[in-house]
Amino acid sequence: MQLKIHYYALMREQAGRSEETLETSAGTPSALYGELVDRYGFTLLRDQLKVAVNAEFSDWGRALEPGDAVVFIPPVAGG
Amino acid sequence: MRFRFTDSPIDTAQARRELLDLGAGGYVSFEGWVRDHNEGQEVTRLEYEAFQELAVKEGERIIAEALRRFPVKHALCIHRIGALDLADMAVWVGVSSAHRGEAFDACRVIIDEVKHRVPIWKKEHYRSGDSGWVNCERCAAAPNHIHEHA
């Protein structure tokens, strides 16, 4: 299925892009992150991240649907 | 919107006006400024980046929680995005209330929660020429690498 991924901050720099549409067999955000670590060498551990699906915080085990927009959220530093 | 971003300097006079209320006996505000040092490094400038669609939702939730928890009149938070120099204002929080105690409390809770929960990232540029994403670089590690958190 196709997913839309947006990258921010350190992950944007490490991926070398801010967004992409990806064909993947990953059924959950957790599996998807593993796939992307292999592809881009992200240095953040999954436990350091949160994940959002369709602009709302999500569980790592949520079943992804075709067309979902996924964002991995590195440790935040507002303020 | 009670939580919003701006890519230009925060207009605190305008923001304050949004909190005016005849039932309020005063207001408390917090300004976060760009500091010239962090964790032993000399900072020369900053960049803020946000996942705005979710950040605005989460920021609004934080304000709504504060308004439920404390008997205050109005609350507002404005966060900068983009490139900032030293001494620039990065964030502004204001709360108006009948009495000062709950205004101080609500203001404190709002800024603390914004720092912890809202998807905003800060890249610091250092005098040394290095740069780094705050909270992301130091404890980032390759899988299987054993590391210590400060």
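Here are some questions and answers about how helices and strands fit together in this predicted model.

This is a predicted model, where local features need pLDDT of at least 70, side-chain atom pairs count only at pLDDT 80 or more, and totals for chains, interfaces and linings use all residues. Residues are numbered from 1 along each chain as its sequence is written, while chains are lettered from A and ligands numbered from 1 in the order in which they are written.

Q: Are helix H2 and helix H3 of chain B roughly parallel or roughly antiparallel?
A: Helices here are DSSP runs of H or I with at least four residues, and strands are runs of E with at least two, numbered from the N terminus. The axes of H2 (residues 52-69) and H3 (residues 100-117) of chain B come within 10 Å and cross at roughly 155 degrees. Axes are lines fitted to C-alpha atoms, for helices over the stretch in contact, and angles run from 0 to 180 degrees between N-to-C directions. Angles over 145 count as roughly antiparallel, so H2(B) is to H3(B) roughly antiparallel.

Q: How many residues of the contact of H2(B) with H3(B) are nonpolar?
A: Contact means that C-beta atoms, placed from the backbone, lie within 7 Å. H2(B) brings residues including B:Ile62 and B:Ala66, and among those from H3(B) are B:Val109 and B:Arg117. Ala, Val, Leu, Ile, Met, Phe, Trp, Tyr, Cys and Pro count as nonpolar, Asp, Glu, Lys and Arg as charged, and the others, Gly among them, as polar. The split is three charged, one polar and, the number we're after, seven nonpolar.

Q: How many of the nine residues of strand S5 of chain B are buried?
A: A residue is buried if 20 or more other C-beta atoms, placed from the backbone, lie within 10 Å of its own. Strand S5(B) spans residues 72-80 and is mostly covered, with the buried count at eight.

Q: Which residue of S7(B) is the bridge partner of B:Leu76?
A: Two strands pair if DSSP finds at least two bridges between them. S5(B) and strand S7 (residues 89-97) of chain B run antiparallel, joined by seven bridges. Across in S7(B), B:Leu76 has as its partner B:Gly94.

Q: Which strands are the edge strands of the open sheet in chain A?
A: Five strands make up this sheet with mixed pairing, in the order S2-S1-S5-S3-S4. Inside it, S1 (residues 2-6) and S5 of chain A run parallel, joined by three bridges. An edge strand pairs on one side only, and here that describes S2 (19-23) and S4 (56-58) of chain A.

Definitions and conventions. Angles under 35 degrees count as roughly parallel, over 145 as roughly antiparallel, 65 to 115 as roughly perpendicular and the rest as oblique. Two residues are in contact if their C-beta atoms, placed from the backbone, lie within 7 Å. A residue is buried if 20 or more other C-beta atoms lie within 10 Å of its own, exposed if 12 or fewer, and partly exposed in between; C-beta atoms are placed from the backbone.
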